[in-house]
Amino acid sequence: MAPPLLPPSVPLAAPVTVPADSSLWDRVSNWVSENKAVVYTIAGVAVVVTTAGAVYYIRSGSDSKDTANRPSKKERRKRKQAEREAEAEAEKAAAAAAQPTEAGPSQPKAATVEGADELPEITEETVQRLSELERKEYAAKLKEAGNKAYGAKDFPHAIELYSKAILCKPDPVYYSNRAACYNASSQWDKVVEDTTAAINLDPEYIKALNRRANAYDHLGKYSEALLDFTASCIIDGFKNQQSAEAVERLLKKFAESRAKEIMTDKAIRLPSSTFVGNYLQSFRNKGRPAGLEDSVQLSEDTGKGQLQIGLQALENRTSPSYESAAAAFDKALELNDLGEYEAFAYNMRGTFRCLRGKHVEALEDLTRSIELDPAMTQSYIKRASMNLELGAPDIAEKDFESALAQNAEDPDIYYHRAQLHFIKSEFAEAAKDYQKSIDLDRDFIYSHIQLGVTQYKMGSIASSMATFRRCMKNFEKTPDVYNYYGELLLDQGKYQDAIDKFDTAIELEKETKPMCMNVLPLINKSLALFQWNQDFAEAEKLCEKALIIDPECDIAVATMAQLLLQQGKVTEALKYFERAAELARTEGELVNALSYAEATRTQIQVQEKYPKLASKLSGMSGPPMR
């Protein structure tokens, strides 16, 4: 298949060099923003994928397109101002509601004293001698005085007054107000203590939940903070934009913190065979360098012999064989008697270091390869792809220019430069480069496929469909043609036609590559069945089959998690998100995987800790998303 065309925001995979299927992964993890249709759903809460991970919102009967359109900065400012005004009104209402009441409709007069200073000394002992009505009246007066002290920023005095009010009447508002004083002086442990007391008295007290979440955030307890903010969002129906944004921010913060810990001890390994194979075949097969063919007898104790062993292993296209190839390329450079093959050896070791996510070392190898043999254009191309992945498109462009200066007739340069244009949404320029690549070599199928995809992105649907029809005629035994064509048909909602193409791709994969089958057509068909008629059972079977063939295929893992979430099988889905984290290749991929996992785990905790909220979610959720 062709290499990826992933937008920078796509999680669990890096742009350009990651050989995952781009449009497939868009549908798995970016459906809301790209297709405006499907979202991850957990017990009625939609998890919208973003660059930071996931944010929640309640599903409703409204068109999901609305949820994907982020308001402008001006609109957000207006909204936040409105929220502040509404919160101020709510605080007034809450304060009024917190005033004590007698049995019956009439309200008691606001105490028989003029101020808190005129109240008798309030201690645990003296409170015992007060009547219930006196306690309520004194508590209200003390709380009112505490509010005034808080407004004057006399926090120690406000704490003293709220503490006395609590002695008179343990009330969630009083605890929350005292927590606000501790918050002002950054006494986060005491904020947690008081807000917890308030929440124990009123489990749906939003202000206390938000205050405790903020305190947990400052204490570095991101999971706890995330749980409180999520519960707060659910209680108020996701109306508070700040709380929703806090969920997203905390997911990112938690994931980044955890990812750094994990990456310290994480074993470096290659990604799935699907991943590796798709990247390697994005370069035209030029055959082995002369002198490294199987017919040449080379000792395995030499660098040249290890290069030969590595190239032999690559041809098997399995995970073990790719690991063997990587080890052989490492060994070849250790032995270091490579002669004319030294630049090639650095190129291959740099390639596999890149696939392992060891970017610094990979860049060093590719740079060394260029120094040894400036005419080896593939080293420029790979270094350009890495620089683009690392967020340096300007450097990538210079590498392509250098490669063209060496050989302006190399079709691989134009093909991969088109990827750079595509990732920057420069579709017209991408189409030109794909066409140039075709003009130089019409037999490389992926240039044709990517041209068709680019035409589709440009809105030239008829041209795109015509390109794929020509591909099916000229490359009728190539499964990737049918797989990509099926994806475009699926995007148009032509489900049966798409499934027919995926079936053809699956059969051709079995015929042409029985020992190293590409599992992406299986995953695509799974998604098509899910989107078309919610056939979860068959969709799961296809994903399971894909994972039997390629257990480390991250896209299959993510798709299975999606299917399980849509069925409300949250605990099972969590296992797959955790598996995705295990498969993450780089820290960036790990951050996104952990964001998904933590979002899912939080929803489980919400349902366990707040069973009433779980039932509330069920009532608020709308019809299944398509």
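**Exercise 1. Helix α29 and the largest cavity**

Which residues are buried in α29? Describe the helix, and then examine the cavity that it helps to line.

*Solution.* The model is a predicted one.

Step 1. In α29, the buried residues are Val 570, Ala 573, Leu 574, Phe 577, Ala 580, Ala 581 and Leu 583.

Step 2. The helix α29 consists of 14 residues and spans 20 Å from its first C-alpha to its last, close to the 20 Å expected at 1.5 Å a residue.

Step 3. Rolling a probe the size of a water molecule over the atoms shows where empty space is left. The count in this model comes to 5 cavities of 30 Å³ or more, and the largest cavity holds about 180 Å³ of space.

Step 4. The lining of the largest cavity is made up of 18 residues; nearest its centre lie Pro 271, Leu 583, Ala 584, Arg 585 and Glu 589. Helix α29 (residues 570-583) contributes 3 residues, the largest share of this lining.

Step 5. By residue class, the lining of the largest cavity divides into 9 nonpolar, 1 polar and 8 charged residues.

**Exercise 2. A covered helix**

State how many of the 13 residues of α24 are buried, and examine what follows the helix.

*Solution.*

Step 1. Helix α24 comprises residues 479-491 and reaches 19 Å from its first C-alpha to its last, close to the 18 Å expected at 1.5 Å a residue.

Step 2. Of its 13 residues, 12 are buried, and α24 is thus mostly covered. Among the buried residues are Tyr 482, Tyr 484 and Tyr 485, together with Asp 480 and Glu 487.

Step 3. After α24 comes Gly 493, which has a positive phi near 80°.

**Exercise 3. Aromatic rings**

Classify the ring pairs Phe 422 with Phe 427 and Phe 444 with Tyr 446.

*Solution.*

Step 1. A pair of aromatic rings is described by the distance of the centres and the angle of the planes. The structure holds 11 aromatic pairs.

Step 2. The ring centres of Phe 422 and Phe 427 are 5.1 Å apart and the planes stand at 75°; because this angle is over 60 degrees, the pair is edge-to-face.

Step 3. For Phe 444 and Tyr 446 the centres are 5.4 Å apart and the planes are at 80°, so this pair is also edge-to-face.

Step 4. Phe 422 has 5% relative accessibility and therefore counts as buried, the cut-off being under 20%. Phe 444 is buried, with a relative accessible area of 8%, and Tyr 446 is buried, with a relative accessible area of 8%.

Step 5. One aromatic cluster is formed by Tyr 415, Tyr 434, Phe 444 and Tyr 446.

Step 6. Lysines also lie over ring faces: Lys 382 is over the face of Phe 283, at 5.2 Å from the ring centre, and Lys 436 is over that of Tyr 414, at 5.8 Å from the ring centre.

**Exercise 4. Positive phi outside glycine**

Locate Lys 153 and Ser 186, and decide whether each is buried, partly exposed or exposed.

*Solution.*

Step 1. Most residues other than glycine have a negative phi. Lys 153, although not a glycine, has a positive phi of about 60°, and Ser 186, not a glycine either, has a positive phi of about 60°.

Step 2. Lys 153 lies in the loop between α6 (132-151) and α7 (155-168). Its relative accessibility is 64%, so Lys 153 counts as exposed.

Step 3. Ser 186 is found in the loop between α8 (172-184) and α9 (188-201). With 44% relative accessibility, Ser 186 counts as partly exposed.

Note on methods:
Residues are numbered from 1 along each chain as its sequence is written. This is a predicted model: local features need pLDDT of at least 70, side-chain atom pairs count only at pLDDT 80 or more; totals for chains, interfaces and linings use all residues. Side-chain values use heavy atoms; hydrogens and water are left out. On a 1 Å grid over the protein atoms alone, a cavity is a set of points where a 1.4 Å probe fits but cannot get out, and a pocket is an open set with protein on both sides within 12 Å along at least five of seven lines; lining residues have an atom within 4 Å of a point. Grid points are joined across faces, edges and corners, and a volume is the space filled by probe spheres set on the points. Helices (H or I, at least four residues) and strands (E, at least two) are DSSP runs, numbered from the N terminus. Ala, Val, Leu, Ile, Met, Phe, Trp, Tyr, Cys and Pro count as nonpolar, Asp, Glu, Lys and Arg as charged, and the others, Gly among them, as polar. Rings of Phe, Tyr and Trp (its six-membered ring) pair if their centres lie within 6.5 Å; planes under 30 degrees apart count as stacked, over 60 as edge-to-face and the rest as tilted. Buried means under 20% relative accessible area, exposed over 50%, partly exposed in between (1.4 Å probe, protein chains only). A charge sits over a ring if NZ of Lys or CZ of Arg is within 6 Å of the ring centre and within 35 degrees of the ring normal. The expected span of a helix is 1.5 Å times one less than its number of residues.
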